[in-house]
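Colleague: I would like to learn how to read a protein model step by step. Could you take one feature at a time, giving me the idea before the case?

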Amino acid sequence: MSIENLEQVALAMVATGKGIIAVDESTNTIKKRFEAAGVENTEENRRRYRELLLTTPGLGEHISGAILFDETIRQKTSDGTPLVDAMKKAGIIPGIKVDKGPVTLAGFPGDVITEGLDGLRDRLKEYAQLGAQFAKWRAVINITDDNPSSTAIEANMENLARYAALCQEAGLVPMVEPEIVMDGPESTHDLDVSYEVHEAVLRSLFNALYSHNVMLEGVILKVSMVIPGKNAPKDEQATPEEVAEATVRVLRTTVPASLPGIVFLSGGQSDEQATEHLDLINKMGPHPWPVSFSYGRALVAEALNVWSKDLKGNYEKAQKVVHERAKENGDAALGRWTKRG
């Protein structure tokens, strides 16, 4: 695929007032969420749940794309239609999670490194044949008194760049996701420390992307917001306005204007926090790039709770909840969100 086509897909992923839904939980992760909701973790229930989300009527009005798990991209809807085809018909771009998750970084206690580069070239070719148009790789950066090390930052950003280059070779838009974790057990850092780590990580990321000849016009950045650790003392927590200001400042300092767009992850935030922060960030615009969302739990947690009460009877009711959350975040991506009630 040419850079023009990659750029076209990337721009469509951050179309005005639209964001990306993340339904790429691994089998183990979704098992925990199903168990918490009282839903049996079977392949059929996982398929029905993801079909519920992705075939929500009108979802394409506010959702531009969806990140899938390996199992999901191969599944069909209840009427036998490949799920990817149903998504495309609804105007939703199929994407695929391709990393294998974080493991301990040897020699650096508390730091982790994401695995999955082995065999990635062939996997990307297969995913492109299955209909994927973009991919996602998540690097995890922990903040403690001793972390992250510069080695952990550089190693993870190097892997993100290698992954991104392989994606573009395969004709897929790489979504690069450095997540600076805010809700770990030792996450007691304040806003200033969060800012410093975000700045270091993003500078390292773009240096690595440049060194691997990755075309920024065909890349989407998925990143965390600058937020104090969840376990920081109350007097070190930040207001929504402070979070928005710090996030905009670090992005303008580190992210090239040639990037097609930025989407935020919601990790650790409540549904309303994630939406309010996104809204405030967009109210501070215009920015050099579109700024939107790529949420998982913040979009679907409420719907899973509703569906779990009656898997047959609450199907459409859960879909209405998904649509409502998608619309709220679509409004926030325009800086036009208003609180419920």
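Modeller: Let us begin with a single residue and ask what surrounds it, keeping in mind that this is a predicted model. Leaving aside residues up to four places away in sequence, Tyr163 touches Val98, Leu117, Leu120, Ala135, Lys136, Trp137, Pro174, Met175 and Val176.

Colleague: Which residues touch the most other members of the largest nonpolar core?

Modeller: A nonpolar core is a set of buried residues joined through their side chains. Here the largest one has 92 residues, and Tyr163, Leu221 and Leu251 are those that touch the most other members. Helix H8, residues 191–211, gives this core its largest share, namely nine residues. Another core, of 14 residues, lies apart from it and includes Val14, Phe134, Val173 and Val263.

Colleague: How should I read the strands, and in what order do they run in the barrel?

Modeller: One follows the pairing from strand to strand. In this model eight strands form a closed barrel with parallel pairing, in the order E1-E2-E3-E6-E7-E8-E9-E10, and neighbouring strands are turned against each other by 25 degrees on average, with direction ignored. As one example, E7 (residues 173–180) pairs with E8 (residues 220–223) in the parallel sense over two bridges, and Leu221 in E8 is the bridge partner of Val176. Helix H7, residues 150–169, packs on the sheet, where it touches E6 and E7, and its direction makes about 175 degrees with that of E6.

Colleague: How far apart are the end C-alpha atoms of helix H9, and what span should I expect?

Modeller: One multiplies the rise for each residue by one less than the number of residues. For the 15 residues of H9 (residues 240–254), a rise of 1.5 Å a residue gives an expected 21 Å, and because the end C-alpha atoms are 21 Å apart, the two values agree. Among the buried residues of H9 are Val243, Ala244, Val250 and Leu251, and the buried residues of this helix pack against H8, E8, strand E9 and helix H10.

Colleague: What can be said about the protein as a whole, and which radius of gyration does it have?

Modeller: One compares the radius with that of a compact globule. For 341 residues such a globule would have a radius of gyration near 20 Å, and the protein has 19 Å, which agrees. The protein has twelve helices and ten strands, 57% of its residues count as buried, and its C-alpha atoms fill a box of roughly 50 × 45 × 40 Å along the principal axes.

Note on methods:
Residues are numbered from 1 along each chain as its sequence is written. This is a predicted model: local features need pLDDT of at least 70, side-chain atom pairs count only at pLDDT 80 or more; totals for chains, interfaces and linings use all residues. Side-chain values use heavy atoms; hydrogens and water are left out. A nonpolar core is a set of buried Ala, Val, Leu, Ile, Met, Phe, Trp, Tyr and Cys residues joined through side-chain atoms within 4.5 Å. Buried means under 20% relative accessible area, exposed over 50%, partly exposed in between (1.4 Å probe, protein chains only). Helices (H or I, at least four residues) and strands (E, at least two) are DSSP runs, numbered from the N terminus. Contact means heavy atoms within 4.5 Å. Two strands pair if DSSP finds at least two bridges between them. Axes are lines fitted to C-alpha atoms, for helices over the stretch in contact, and angles run from 0 to 180 degrees between N-to-C directions. The radius of gyration is taken over C-alpha atoms; the globule rule is 2.2 Å times the number of residues to the power 0.38.
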